[in-house]
Amino acid sequence: MIWITLKEFEVKSLSERYIIRYQTNLQPACERQRDMVANEVPVALVYNGIAHTVMMCTPADLEDFALGFSLAEGIVDNKSAVYGIEVAEQCNGIEVQLEIATRCFVALKEKRRTLTGRTGCGLCGVEQLNQVSRPLNAVEQKITFSLTQLDAILSLMHSQQVLAQKCGATHAAAFFSPQGELLAIREDVGRHVALDKLLGWHAKCGQPSGFVLVSSRASYEMVQKCVACGIEMLIAISAATDYAVRLAQAYHFTLIGFARQGRAVIYHDNQRIQP
C-alpha cells in the first residue's frame with residue numbers, strides 16, 4: 001500500500017491557473033487572479049495486458065479506484081482475485097495495470113464491455129439492456145444509524161473535502177462507522193469514480209462495518225456498487241432515482257437522499273434507521 005502526504009495528494013489532483021473573477025462588489029468588477037482547478041486525466045484499466053476501459057479521473061488513489069471498480073463491476077468477486085496493481089504514467093494519460101485470476105479474466109473477455117469516454121459515466125459502452133443490472137444477493141441488516149447524527153456527519157464530510165474546497169469541481173464519497181466516525185473519504189471529478197475509490201479502500205481494509213455518504217445524487221449504479229461490495233446503506237446529498245429506490249427495495253438496502261442539515265428523505269429503510 002502506498003501512502004502519500006496531503007501535499008503530494010494535492011499536486012496529483014490540482015493545477016493552478018489564471019482566471020478572471022467577476023464580482024459586482026469589486027472595483028473593477030473583473031479581476032485577474034490565480035485559482036485552483038481539478039485535474040482530469042484519462043485513466044485506462046488494463047487487465048492481464050488487455051485494455052478494458054478508459055475513465056476520466058482525478059489522478060489520485062488510483063489503486064483504490066482500480067480495486068473498487070473491479071469489485072463493484074463484478075470483474076472480480078473478491079480482492080484475493082487481484083494479484084497485483086501497478087500505476088504507470090503514459091504520455092497521454094495513466095495506465096493502471098491489474099493482474100487478475102484467470103477465471104475472472106476469461107469471464108471479463110466474454111462481457112466485451114468498453115466504457116471509454118465521459119466523466120465517471122456508469123453506462124458508456126453497455127451493449128445490451130440486460131447488462132444494465134446484474135443479480136446480487138440482498139444485504140443483511142447488521143447496522144443501525146441514528147438520524148440525530150446526520151448533521152454531524154454532513155459537517156464532517158464537508159470539512160474533509162480538501163479538493164472541493166480548493167477548486168469546487170469534485171465529488172466526495174465518505175465511509176462512516178455506524179457510530180458516525182469518519183473512516184475514509186475519497187474525491188474525484190466523477191461521482192462514480194469517487195465511490196469506486198472508496199470501495200477499493202473498503203475492500204483493502206477488510207470491509208469494516210458502516211455506511212457510505214456521497215456528495216451527489218443516488219443513481220441505480222451507486223446502489224448496485226454498494227450492494228456488490230457488501231455495504232448496506234447509502235446516504236446522498238441529492239435525490240435518488242426511481243430505479244435506485246427499486247433496487248434498494250429488492251436488495252433490502254437502506255437509501256436516504258436530500259441529506260441536508262436538519263432534514264433528509266428516507267426512500268427505503270429496512271429497519272436500519274433510528275429517529
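**Figure 1. Pairing of strands β5 and β6 in the predicted model.** Glutamate 86 of the predicted model stands opposite glutamine 97 in β6. The strand pair to which this position belongs is antiparallel, with eight bridges between β5 (residues 82-90) and β6. Two residues separate the strands, and together β5 and β6 form a hairpin. Strand β6, which spans residues 93-100, is also joined to β3 (residues 41-47), here in the parallel sense and through five bridges. Within that parallel pairing, alanine 44 is the residue opposite glutamate 95 in β6.

**Figure 2. The six-stranded sheet and the pairing of β12 with β13.** Six strands in the order β9-β8-β10-β11-β12-β13 make up an open sheet with mixed pairing. At its edges are β9 (182-188) and β13, each of which pairs on one side only. Neighbouring strands of the sheet are turned by 20 degrees against each other on average, direction ignored. Strand β12 (residues 254-260) and the edge strand β13 are antiparallel and share four bridges. Isoleucine 256 is found opposite isoleucine 266 in β13.

**Figure 3. Helix α6 across the strands β8, β9 and β10.** Helix α6 covers residues 191-204 and lies across β8 (171-176), β9 and β10 (211-214). Relative to β9, helix α6 runs at about 145 degrees.

**Figure 4. Helix α4 and the surroundings of leucine 156.** The buried residues of α4 include Leu150, Ile153, Leu154 and Met157. Viewed down the axis of α4, the buried residues fall within an arc of 100 degrees, so they line one face of the helix. Leucine 156 also belongs to α4, which extends over residues 150-159. With a relative accessible area of 31%, leucine 156 is partly exposed, because this value lies between the 20% limit for buried residues and the 50% limit for exposed ones. Phe176, Gly180 and Leu182 are the residues that leucine 156 touches when those up to four places away in sequence are not counted. The C-alpha atoms of leucine 156 and glycine 180 are 9.4 Å apart, with the two positions 24 residues apart in sequence numbering.

**Figure 5. Nonpolar cores and the contacts of valine 212.** In soluble globular proteins, nonpolar side chains tend to be buried together. The largest nonpolar core of this model contains 55 residues. Those with the most contacts inside this core are Tyr47, Phe65, Ile100, Val212, Leu234, Phe253 and Leu255. Leaving aside neighbours within four places in sequence, valine 212 contacts Ala174, Phe175, Leu195, Leu198, Cys226, Ile231, Met233, Leu234 and Ile235. Another core, of 17 residues, lies apart from the largest one and has Ile143, Ile153, Phe211 and Ala259 among its members. Over the whole protein of 275 residues, 47% of the residues are buried.

**Figure 6. Aspartate 61 and glutamine 271, two loop residues with positive phi.** Most residues other than glycine have a negative phi. Aspartate 61 has a phi near 55 degrees, a positive value in a residue that is not glycine. The loop that holds aspartate 61 connects β4 (50-57) with α2 (62-72). Aspartate 61 is partly exposed, at 23% relative accessibility. Glutamine 271, likewise not a glycine, has a positive phi of about 65 degrees. Glutamine 271 is placed in the loop between β13 (263-268) and β14 (273-274). With a relative accessible area of 67%, glutamine 271 is exposed, because the value is over 50%.

**Figure 7. Confidence along the chain and the two stretches of low pLDDT.** The average pLDDT of the protein is 88, and 88% of the residues score at least 70. Over residues 1-6 the pLDDT is below 50, and this stretch has five contacts in the model beyond near neighbours in sequence. Residues 122-129 also have a pLDDT under 50, with 17 contacts in the model beyond four places in sequence. The protein as a whole has eight helices and 14 strands. Of the contacts in the protein with a separation of 6 or more, 54% are between residues 24 or more positions apart.

Terms used. Residues numbered from 1 in each chain as written. Predicted model: local features only at pLDDT ≥ 70, side-chain atom pairs only at ≥ 80, totals over all residues. Heavy atoms only, no water. Buried < 20%, exposed > 50% of the residue type's maximum accessible area, 1.4 Å probe, protein only. Contact = heavy atoms within 4.5 Å. pLDDT = per-residue confidence, 0-100. Pairing = 2+ DSSP bridges. Axes fitted to C-alpha atoms, helices over the stretch in contact; angles between N-to-C directions. Arc of directions from axis to C-beta. Core = buried A, V, L, I, M, F, W, Y, C linked by side-chain atoms within 4.5 Å.
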